[in-house]
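Student: I should like to learn how to read a protein model feature by feature. May we begin with the one shown here?

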Amino acid sequence: MKKNTINKEYATHVLKENYTYYRRNGDHKDITTLREYVETQEETDPGYFRWLFNNDDLDDFADLTDEQVEEYQNFLDELS
């Protein structure tokens, strides 16, 4: 996997699987969308951006380059 970019196909697959598991095992009245779920992961999972961008040097959103921020925003838009 290429470092510092999002493997969109793989990331979308994994995040959709995790979201499906979350929906099945959580509150069925919860209307969290996939995008909202992903944005929550960003806030609660300290390794989220390291995993997403395949870069062990990233700790959080503040560590992203301008290009990575743009790529991440486009990725979120595609999830909507």
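Tutor: Let us begin with contacts that link distant parts of a sequence. In this predicted model, 51% of the contacts in the chain with a separation of 6 or more involve residues 24 or more positions apart.

Student: How many helices and how many strands are there in the chain?

Tutor: One reads the elements in order from the N terminus. The chain has four helices and zero strands, and its elements run α-α-α-α.

Student: What does the radius of gyration of the chain agree with?

Tutor: One sets the value beside that of a compact globule with an equal number of residues. For 80 residues such a globule would have a radius of gyration near 12 Å, and the chain has 13 Å, so the two agree. Along the principal axes, the C-alpha atoms fill a box of roughly 35 × 20 × 20 Å.

Student: What share of the residues of the chain counts as buried?

Tutor: A residue is called buried when its relative accessible area is under 20%. Of the 80 residues in this chain, 32% count as buried. The accessible surface of the chain is about 5400 Å², and carbon and sulfur atoms account for 45% of that surface.

Student: Which residues have the most contacts inside the largest nonpolar core?

Tutor: They are Val38, Phe49, Leu52, Phe53, Tyr72 and Phe75, in a core of 17 residues. At least two residues of this core come from each of α1 (8–25), α2 (34–44), α3 (48–53) and α4 (66–79).

Student: Where is tyrosine 21, and is this residue buried or exposed?

Tutor: Tyrosine 21 belongs to helix α1. The cut-off for exposed is over 50%; tyrosine 21 has a relative accessible area of 57% and is therefore exposed. Its C-alpha atom is 19 Å from that of leucine 52, and the two residues are 31 residues apart along the chain.

Student: What is notable about the phi of asparagine 54?

Tutor: The general idea comes first. Most residues other than glycine have a negative phi. Asparagine 54 is not a glycine, yet has a positive phi of about 50°. This asparagine lies in the loop between α3 and α4. With 29% relative accessibility, asparagine 54 counts as partly exposed, because that class lies between the 20% and 50% cut-offs.

Student: Which relative accessible areas do aspartate 60 and threonine 65 have?

Tutor: Aspartate 60 has 39% and is partly exposed; threonine 65 has 37% and is likewise partly exposed. Aspartate 60 is in the loop between α3 and α4, and threonine 65 is also placed in the loop between α3 and α4.

Student: What separates the C-alpha atoms of these residues from those of tyrosine 48 and asparagine 4?

Tutor: One considers both the positions along the chain and the distance in space. Aspartate 60 and tyrosine 48 are twelve residues apart along the chain, with 7.8 Å between their C-alpha atoms. For threonine 65 and asparagine 4, 61 residues apart along the chain, the C-alpha separation is 9.3 Å.

Student: How many positive and negative side chains does the chain have?

Tutor: There are 9 positive and 20 negative side chains, and the centres of the two sets are 7 Å apart.

Conventions
Residues are numbered from 1 along each chain as its sequence is written. This is a predicted model: local features need pLDDT of at least 70, side-chain atom pairs count only at pLDDT 80 or more; totals for chains, interfaces and linings use all residues. Side-chain values use heavy atoms; hydrogens and water are left out. The radius of gyration is taken over C-alpha atoms; the globule rule is 2.2 Å times the number of residues to the power 0.38. Buried means under 20% relative accessible area, exposed over 50%, partly exposed in between (1.4 Å probe, protein chains only). Contact means heavy atoms within 4.5 Å. Accessible areas come from the Shrake-Rupley method with a 1.4 Å probe; for residues, only the protein chains shown count as cover. Lys and Arg count as positive and Asp and Glu as negative; His and the chain ends are not counted. The place of a charge is taken as NZ of Lys, CZ of Arg, CG of Asp or CD of Glu. A nonpolar core is a set of buried Ala, Val, Leu, Ile, Met, Phe, Trp, Tyr and Cys residues joined through side-chain atoms within 4.5 Å.
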